[in-house]
Amino acid sequence: MKAANPTPLRWTMNLGVTGSSPIASRPRDRFGLAYFRVSASEALRNGLAPIIGLGPEQGAEAFYTLDAISGRLRETLTGQIVDPVIKSAKTAAFLGLRTLVRF
């Protein structure tokens, strides 16, 4: 008898790199790049097939943090793109801006 799969995922993969700014005059700035890919389990894909088609989901993100005033003010710009697990869904893209003020 084959054991049931206890998870809705078949496998996942995450890759990323972060580091200090490559701009010599901005040594406190940070950057990052990441990629992910997720595959639904066969049991989940087959179970939902009559309702909705599932495929692998993948996406990427990039960010840059600007350390503006001696560590008291930080601005982070981030961009993300996601190709969703639902086959009929469109690829989504997002831009974000985060501000951190330390008192």
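**Strand pairing and salt bridges in a predicted model**

Q: Which residue in strand 4 is the bridge partner of D67?
A: In strand 4, D67 is bridged to R74. Please bear in mind that this is a predicted model.

Q: How many bridges join strand 3 and strand 4, and in what sense do they pair?
A: Strand 3 and strand 4, the latter covering residues 73-83, pair over 10 bridges in the antiparallel sense.

Q: Back to R74 and D67. What do they form, and how far apart are the closest N and O atoms?
A: R74 and D67 form a salt bridge, with 3.7 Å between the closest N and O atoms. R74 counts as partly exposed because its relative accessible area is 27%. Salt bridges with shared partners connect R28, D67 and R74 in one network.

Q: What is the separation on the R28 side of D67?
A: The closest N and O atoms of the salt bridge between D67 and R28 are 3.0 Å apart. D67 belongs to strand 3 (residues 57-67), whereas R28 sits in the loop between strand 1 and strand 2 (30-40), so this pair ties together parts that are 39 residues apart in sequence.

Q: Is D67 buried or exposed? And what about R28?
A: D67 is buried, because its relative accessible area is 8%, under the 20% limit. R28, at 46% relative accessible area, is partly exposed.

Q: How many salt bridges does the structure hold?
A: The structure holds 3 salt bridges. One of them is formed by D29 and R26, whose closest N and O atoms are 2.8 Å apart.

Q: Why does D29 count as buried?
A: D29 counts as buried because its relative accessibility is 1%. Its partner R26 has a relative accessible area of 25%, so R26 is partly exposed.

Q: Changing topic: how many helices and strands are in the chain?
A: The chain contains 1 helix and 5 strands. Their pattern along the sequence is β-β-α-β-β-β.

Q: Why is the chain said to be more spread out than a compact globule?
A: The chain has a radius of gyration of 19 Å, and the globule rule gives 13 Å for 103 residues; the value for the chain is well over that, so the chain is more spread out than a compact globule. The C-alpha trace spans about 60 × 30 × 25 Å along its principal axes.

Q: What share of the residues count as buried?
A: Of the 103 residues in the chain, 16% count as buried. The accessible surface amounts to about 7700 Å², and carbon and sulfur atoms account for 63% of it.

Q: And the contacts, what percentage join residues at least 24 apart?
A: If one takes contacts between residues at least 6 apart in sequence, 48% join residues at least 24 apart.

Q: Which way do strand 1 and strand 2 run?
A: Strand 1 and strand 2 run antiparallel and are joined by 11 bridges. M13, which is found in strand 1 (residues 9-20), has R37 as its bridge partner in strand 2.

Q: What surface feature do M13, W11 and L15 form?
A: W11, M13 and L15 form a nonpolar patch on the surface, and together they have about 270 Å² of accessible area. M13 itself counts as partly exposed because its relative accessibility is 30%.

Q: How many bridges are there between strand 2 and strand 3?
A: Strand 2 and strand 3 pair over 9 bridges, in the antiparallel sense. Among the bridge partners, Y35 is matched with A60 in strand 3, and G32 is matched with F63 in strand 3.

Q: What is F63 in contact with, leaving aside neighbours within four places in sequence?
A: With those neighbours left aside, F63 is in contact with T18, R30, F31, G32, T76, L77 and T78. G32 is thus both a contact of F63 and its bridge partner.

Q: Why is F63 partly exposed?
A: F63 is partly exposed because its relative accessible area is 27%, which lies between the limits of 20% and 50%.

Q: Last one: what separates the C-alpha atoms of F63 and R102?
A: Their C-alpha atoms are separated by 20 Å, and F63 and R102 are 39 residues apart along the chain.

Terms used. Residues numbered from 1 in each chain as written. Predicted model: local features only at pLDDT ≥ 70, side-chain atom pairs only at ≥ 80, totals over all residues. Heavy atoms only, no water. Patch = residues over 30% accessible without salt bridge, like charges linked within 9 Å, V, L, I, M, F, W, Y side chains within 5 Å. Areas by Shrake-Rupley, 256 points an atom, 1.4 Å probe, with all protein chains shown as cover. Salt bridge = Lys/Arg side-chain N within 4 Å of Asp/Glu carboxyl O. Helix = DSSP H or I, 4+ residues; strand = E, 2+ residues; numbered from the N terminus. Buried < 20%, exposed > 50% of the residue type's maximum accessible area, 1.4 Å probe, protein only. Rg over C-alpha atoms; globule rule 2.2 N^0.38 Å. Contact = heavy atoms within 4.5 Å. Pairing = 2+ DSSP bridges.
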